[in-house]
Amino acid sequence: MSSYIEEFESKVKPKDYYDRLYDELVRLNPRLNAFNALIKPDKNGIPLSVKDNICVKGIEATASSKILKGYIPPFNATVVERVLKTKRFSIIGKTNMDEFGFGSFGINCEKPAKNPLDEERVAGGSSSGAAIATALLKYHVAIAESTGGSISAPAAFCGVVGFTPTYSVISRYGLIDYANSLDKIGFMARSADDIRVMLDITKGKDNRDPTSTDSKIVGLHHKKLVIIDELIDKVDEKIRSQFFEFVEKLKNLGYTVKNINLNEIDLSIPAYYLIAMAEASTNLAKFTGFKYGFKLNDFSKNYNEFFAEAREEFGTEAKRRVILGTFIRSASVKDKYYSKSLIIRKELIDKLSKVLKDAFLISPTMPIMPPKISEANSMSPVQNYATDILTIPPNLCGLPHISFPYSYSNGLPLSAQIVGSQFNDYGVISFVSEWEKNFEYKFKYNIGEI
Amino acid sequence: MEDKEFDRLLKISRIKLSEEEKQRIQNDIEGILRYFDSVDKFNEAKIKPAFHPIRIEGHPRGDKIEKFEDKDSLLSNTKTYRGFIIGPRI
């Protein structure tokens with residue numbers, strides 16, 4: 001498959017196309033919890049979903065948090081603005097997610113997301129709804145967002161393509177921040193070519209986001225692949241053996257593979273979570289019960305009581321991260337935790353940049369198959385964070401990466417992740433385009449097929 | 001983490017917890033901090049910290065007044081009195 005977007009645009013749509021699409025999603029949504037809001041599109045464009053932490057003018061944006069219930073943004077995020085300006089897309093809804101992006105399984109929210117391939121299992125997080133929508137709809141693109149793996153993880157568990165760009169390539173203006181130095185807006189689709197279309201439309205400097213850049217994005221398609229042994233050691237045995245079969249196929253397609261050691265990679269999880277929690281605790285300070293959504297009415301209380309009462313609306317993981325983030329920023333431990341994590345990030349960027357000069361990193365996307373929702377609920381926070389080991393290094397270092405299915409086991413996808421050097425975004429997309437010439441993805445649902 | 005220290009954190013982060021929640025989260029935080037302690041073993045004083053993954057030039061926006069055209073929808077997310085946002089007492 002090359003581009004579903006182009007195929008959709010070339011077809012004559014039945015008159016009631018969008019009504020039927022909407023009705024089908026309204027029917028399925030209570031079962032899967034993919035969307036926080038469904039919108040009946042009034043235009044003739046490609047169905048587009050937007051993660052619920054990205055602002056669309058006039059449509060409620062909650063980031064799946066009770067504290068943002070009722071917040072109606074009076075503006076579009078830059079990414080939304082740029083996509084709508086093409087007049088090629090129609091927004092069909094806002095997608096479910098872990099509250100503020102705090103989770104890897106899509107269950108830290110009011111309505112836990114379910115994997116459409118096995119509804120007892122998680123869809124992955126935090127962009128759970130984006131992945132479910134992509135798995136359901138034949139013609140559709142999702143605007144998603146990743147901080148530590150929130151695009152790759154759900155894309156892998158739901159069997160779709162998930163792309164996270166180099167940090168700064170797509171403007172974050174209009175994103176409800178989780179961690180400013182880690183957040184990246186990206187996409188999910190059913191083909192790499194559709195991802196390329198979205199990157200073409202949305203990349204580039206935006207004066208409203210001072211961290212966005214106009215750096216030249218390249219498309220170096222390396223034939224050398226690097227495997228980091230410390231990462232592969234943490235992958236489930238069954239996934240590892242299937243992954244090595246995939247690597248053999250790649251060798252037959254002309255790729256060379258090199259194994260390396262990188263001891264510091266084990267520090268990427270604590271370093272990532274320390275930075276992310278420190279930044280999250282400052283970002284969430286603005287949710288205080290008199291602006292942005294949920295409101296208290298008793299203005300006779302002093303502001304400390306008022307804020308603390310309003311913030312009872314946060315879910316458990318959000319409270320945990322605010323408390324930890326506040327602690328990490330304390331003067332007494334800042335050097336031990338926060339400053340050290342920034343140094344580890346620099347060390348990893350330097351080391352990985354050298355490796356990626358003439359190669360891509362390759363690994364499975366997730367170290368485990370999608371767990372059952374009950375299993376995920378019983379994991380401790382540390383066990384939970386450890387499942388991000390393969391997606392955190394590229395996110396911590398702002399490297400472009402893409403997840404895609406390479407095989408299937410008992411109806412569930414097995415997905416791999418390709419990581420490129422900073423600004424080689426088109427390179428990682430091109431790798432997956434090539435793979436798609438040799439492999440056909442399987443989709444259980446094709447809603448909206450024409 | 002001592003109970004006193006945990007209570008101080010709750011106060012400054014303006015988070016109220018039920019007793020059950022407090023016990024559970026305090027316990028979780030102990031485990032998480034033990035896990036995080038590993039970063040302190042990394043010892044490379046010569047490396048400069050990376051505040052962002054890429055080099056950000058960081059030009060601030062010009063200090064110019066811009067008119068937000070849709071003032072009413074902006075204020076619709078707050079409670080207002082004569083065009084002012086109502087907040088709690090200081």
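How many salt bridges does the rule find across the interface of domain 1 of chain A and domain 2 of chain A? The answer, zero salt bridges, comes up again at the second stop, after a look at the contact between the chains.

Before selecting anything, note that this is a predicted model, in which local features need pLDDT of at least 70 and side-chain atom pairs count only at pLDDT 80 or more, while totals for chains, interfaces and linings use all residues. Residues are numbered from 1 along each chain as its sequence is written, chains are lettered from A and ligands numbered from 1 in the order in which they are written, and side-chain values use heavy atoms, with hydrogens and water left out.

**First stop: chain A against chain B**

Select the residues in contact (heavy atoms within 4.5 Å), and the selection should take 72 residues from chain A and 52 residues from chain B. The buried area here is about 5,300 Å², of which carbon and sulfur atoms give 69%; buried area is the accessible area, found with a 1.4 Å probe, that two parts lose on being put together, summed over both.

Next, show A:Glu312 and B:Lys16, which form a salt bridge with their closest N and O atoms 3.4 Å apart. The count between chain A and chain B is five salt bridges, each a side-chain nitrogen of Lys or Arg within 4 Å of a carboxyl oxygen of Asp or Glu.

Now colour α9 (268-283), α10 (303-310), α11 (316-328), α12 (335-355) and α14 (381-386) of chain A, each of which supplies at least two residues of the side that touches chain B. These helices are DSSP runs (H or I, at least four residues), numbered from the N terminus. The largest share of that side, twelve residues, comes from α12(A).

**Second stop: the two domains of chain A**

Select domain 1 (4-228 + 358-438) and domain 2 (265-344) of chain A, with bounds that come from an automatic or database domain assignment. Their C-alpha centres lie 25 Å apart, and the contact takes 31 residues from domain 1 and 27 residues from domain 2. The two domains bury about 2,600 Å² between them, 67% of it on carbon and sulfur atoms.

Within domain 1, pick A:Ile67, A:Phe102 and A:Tyr385, which lose the most area to domain 2 and together make up 28% of what that side buries. Returning to the opening question, the rule finds zero salt bridges between these domains. Finish with α14 and α15 (392-396) of chain A, each supplying at least two residues of the side of domain 1 that touches domain 2.
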